[in-house]
Amino acid sequence: MKKWILLLFFATNLCFSNNPVWSKTGHRVIGEVAQENLTKKAAKAIAELLDGQGLAAVSNFADLIKADSSYRKFSAWHYVNYPANKKYGDEPPSKEGDLILGIEKCVEIIRNQNSSKADKLFYLKMLVHLIGDLHQPMHVSRLEDKGGNDIQVRWFNKGSNLHRVWDSNMVDDYGMSYTELASTLPRLSKAEKKAIQKGDIYDWVEESHDLANEIYGSVEMGEKLYYRYSYDWFATVEIQLEKGGLRLAKVLNNLF
Ligand code: ADE
Ligand code: ZN
Ligand code: ZN
């Protein structure tokens with residue numbers, strides 16, 4: 001009997017282990033939006049590299065490899081933390097690397113004509129994911145609470161935390177597939193798209209950081225969150241997905 005209880009304990013722990021990710025759906029939406037905004041030239045080069053797969057299909061690769069310890073050195077690439085009143089770069093970067101250093105590395109490898117096809121493929125898949133994480137505000141946040149992971153809240157009477165609410169609770173509870181969600185995002189004019197694509201990762205990281213600072217004020221520790229939270233914040237989630245997709249397209253159109 002004791003053995004079964006122990007087994008159950010470990011199995012439950014495995015299922016609910018703290019492996020926070022901008023939901024699979026969120027990353028796919030960003031891949032899909034980017035795919036729709038590639039230039040013909042970039043779309044062709046990327047299709048060749050991905051053997052016909054689209055960006056949505058490879059957008060979760062960087063999370064999948066987390067389970068393999070030989071890829072451990074990439075795990076710090078998924079986020080960047082710095083104090084609320086600082087800018088990225090004001091302080092020395094984390095020794096393990098961070099989201100910005102990770103994106104820079106991907107761009108460098110893809111751009112280098114001497115890189116092997118296998119490396120270009122690997123770092124393209126990483127890049128698609130990381131530009132997504134750059135637009136999940138809690139991945140550009142504070143070290144002291146691990147990007148909101150230590151801010152416990154209840155989500156519809158289940159245990160959660162601020163990070164997870166933004167990674168997955170809101171998107172998953174919305175209940176749409178990634179194609180449905182991508183196709184129902186607010187329609188934007190050419191000028192609006194262009195405005196979103198302005199700047200570079202150093203501008204976008206500050207925008208996400210500012211948003212994270214605002215989100216920290218949206219809950220109290222232990223708060224019980226229900227529909228009201230999504231009413232207030234889901235439009236922001238949608239904007240972040242749209243921005244992530246359009247900016248990923250910009251980065252890729254420049255590279256390919
Ligand atoms: N671990 C520490 N900080 C984190 C963050 N911002 N996002 C995800 N995991 C983290
Ligand atoms: Zn996360
Ligand atoms: Zn990630």
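A molecule counts as sitting in a pocket if more than half of its atoms lie within 2 Å of the pocket's grid points. Keep that in mind for the exercises below, which use a predicted model.

**Exercise 1.** Work out where ligand 1 sits and which residues surround it.

*Solution.* Start with the location: by the criterion above, ligand 1 sits in the largest pocket. Next, list the neighbours. Tyr-79, Asn-81, Met-138, Ser-141, Lys-146, Gly-147, Asn-149 and His-163 surround the ligand. Of the 260 Å² of accessible area that ligand 1 has on its own, the protein covers 88%. Now sort the shell by character: 2 residues are nonpolar, 5 are polar and 1 is charged.

**Exercise 2.** Find which protein atoms lie 2.8 Å and 3.2 Å from a nitrogen atom of ligand 1.

*Solution.* Take the side chains to begin with: an N or O atom in the side chain of Asn-81 is 2.8 Å from a nitrogen atom of ligand 1. Then turn to the backbone, where an N or O atom of Met-138 lies 3.2 Å from a nitrogen atom of the ligand.

**Exercise 3.** Identify the protein donors of the zinc ion (ligand 2) and classify their arrangement.

*Solution.* Pick out the donors: His-139 and His-163 each give NE2, and Asp-167 appears twice through OD, at 2.0 to 2.7 Å from the zinc ion. Along the chain, their spacing reads H-x23-H-x3-D. Now check the angles. Four donors would need all angles between 85 and 135 degrees to count as tetrahedral. Here the 4 donor atoms subtend 52 to 142°, so the arrangement is irregular.

**Exercise 4.** Do the donor search for the zinc ion (ligand 3), then give its distance to ligand 2.

*Solution.* The protein donors are His-78 (ND1), His-129 (NE2) and Asp-133 (OD), lying 2.1 to 2.2 Å from the ion. These donors follow H-x50-H-x3-D. Finally, the two zinc ions, ligand 2 and ligand 3, are 6.0 Å apart.

Methods
Residues are numbered from 1 along each chain as its sequence is written. Chains are lettered from A and ligands numbered from 1 in the order in which they are written. This is a predicted model: local features need pLDDT of at least 70, side-chain atom pairs count only at pLDDT 80 or more; totals for chains, interfaces and linings use all residues. Side-chain values use heavy atoms; hydrogens and water are left out. A residue is near a molecule or strand if one of its heavy atoms lies within 4 Å of it. A polar contact is a pair of N or O atoms within 3.5 Å; within protein, one must be able to donate a hydrogen and the other to accept it, and residues adjacent in sequence count only if both atoms are side-chain atoms. Accessible areas come from the Shrake-Rupley method with a 1.4 Å probe; for residues, only the protein chains shown count as cover. On a 1 Å grid over the protein atoms alone, a cavity is a set of points where a 1.4 Å probe fits but cannot get out, and a pocket is an open set with protein on both sides within 12 Å along at least five of seven lines; lining residues have an atom within 4 Å of a point. Ala, Val, Leu, Ile, Met, Phe, Trp, Tyr, Cys and Pro count as nonpolar, Asp, Glu, Lys and Arg as charged, and the others, Gly among them, as polar. Donors are N, O and S atoms within 2.8 Å of the metal (3.2 Å for Na, K and Ca); water is not among the atoms, so sites may look incomplete. Four donors count as tetrahedral if all angles lie between 85 and 135 degrees; four count as square planar and six as octahedral if opposite donors are over 155 degrees apart and all others between 65 and 115; anything else is irregular.
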